[in-house]
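Reader: Could you walk me through this one? I'd like to see the model before we get into the details.

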Amino acid sequence: TITAMRGLGAVGAGFVIAKVGHKYAVIIALSLLSLALPSVFFARIHNITGYSLFIIGRMFMAIGGTVLIVYTQPIISRFFNAKQKGIISSVNSTGFNIGAALPLILFMVPSIHDSMINN
């Protein structure tokens with residue numbers, strides 16, 4: 001479902017930017033990305049509702065993140081030369097993966113993991 005939402009987000013990115021412009025399209029993408037923040041806490045609900053809400057949050061994150069990567073490419077092209085564009089573009093998409101990995105690392109710390117599971 002996450003991959004499907006990324007594809008949907010990439011296709012919808014062109015439509016959104018054509019309708020509302022680049023500035024507001026980025027605000028919409030950031031809003032979708034931030035809708036995923038509460039999904040971390042849905043994992044504490046140990047039933048199908050918690051899992052469903054978690055997956056929905058991940059879908060918002062997939063759409064927002066993919067669209068944001070698409071929207072930053074024209075900016076990268078404008079400010080960097082051809083040699084730098086490849087490096088900056090790969091760092092740009094890597095940043096989202098690092099941002100997703102940081103909360104996971106926190107859950108690997110036993111005291112944080114235990115407080116999330118037991119409370």
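Author: Sure, one definition to begin with: helices (H or I, at least four residues) and strands (E, at least two) are DSSP runs, numbered from the N terminus. This is a predicted model, where local features need pLDDT of at least 70, side-chain atom pairs count only at pLDDT 80 or more, and totals for chains, interfaces and linings use all residues. Residues are numbered from 1 along each chain as its sequence is written, and side-chain values use heavy atoms, with hydrogens and water left out.

Reader: What pattern does the protein chain follow along the sequence?

Author: The protein chain has six helices and zero strands. Reading along the sequence therefore gives, by the run definition, a string of helices. That pattern is α-α-α-α-α-α.

Reader: How far does H4 reach from its first C-alpha to its last?

Author: Helix H4 covers residues 48-79, 32 residues in total. The expected span is 1.5 Å times one less than the number of residues, which comes to 46 Å for H4. The model is close to that, at 47 Å.

Reader: And where in H4 does the kink lie?

Author: The bend at a residue is the angle between axes fitted to the seven residues ending there and the seven starting there. In H4 that gives a kink of about 25 degrees, shortly before the proline Pro-74. The residue at the kink is Thr-72.

Reader: Is Ala-25 buried or exposed?

Author: Ala-25 is found in helix H2, residues 22-34. Buried means under 20% relative accessible area, exposed over 50%, and partly exposed in between (1.4 Å probe, protein chains only). Ala-25 has 1% relative accessibility, so the verdict is buried.

Reader: Which residue of H4 is in contact with Ala-25?

Author: Contact means heavy atoms within 4.5 Å. Leaving aside neighbours within four places in sequence, Ala-25 is in contact with Val-16, Ile-17, Val-20 and one more residue. That partner is 46 residues away along the chain, with 8.1 Å between the C-alpha atoms, and is among the buried residues of H4. It's Tyr-71.

Reader: Which helix supplies the largest share of the nonpolar patch?

Author: Patches take residues with over 30% relative accessible area and no salt bridge, joining like charges within 9 Å and nonpolar side chains (Val, Leu, Ile, Met, Phe, Trp, Tyr) within 5 Å. A salt bridge is a side-chain nitrogen of Lys or Arg within 4 Å of a carboxyl oxygen of Asp or Glu. Val-20, Tyr-24, Ile-27 and Ile-28 make the patch, about 350 Å² by the Shrake-Rupley method with a 1.4 Å probe, where only the protein chains shown count as cover for residues. Three residues come from one helix, H2.
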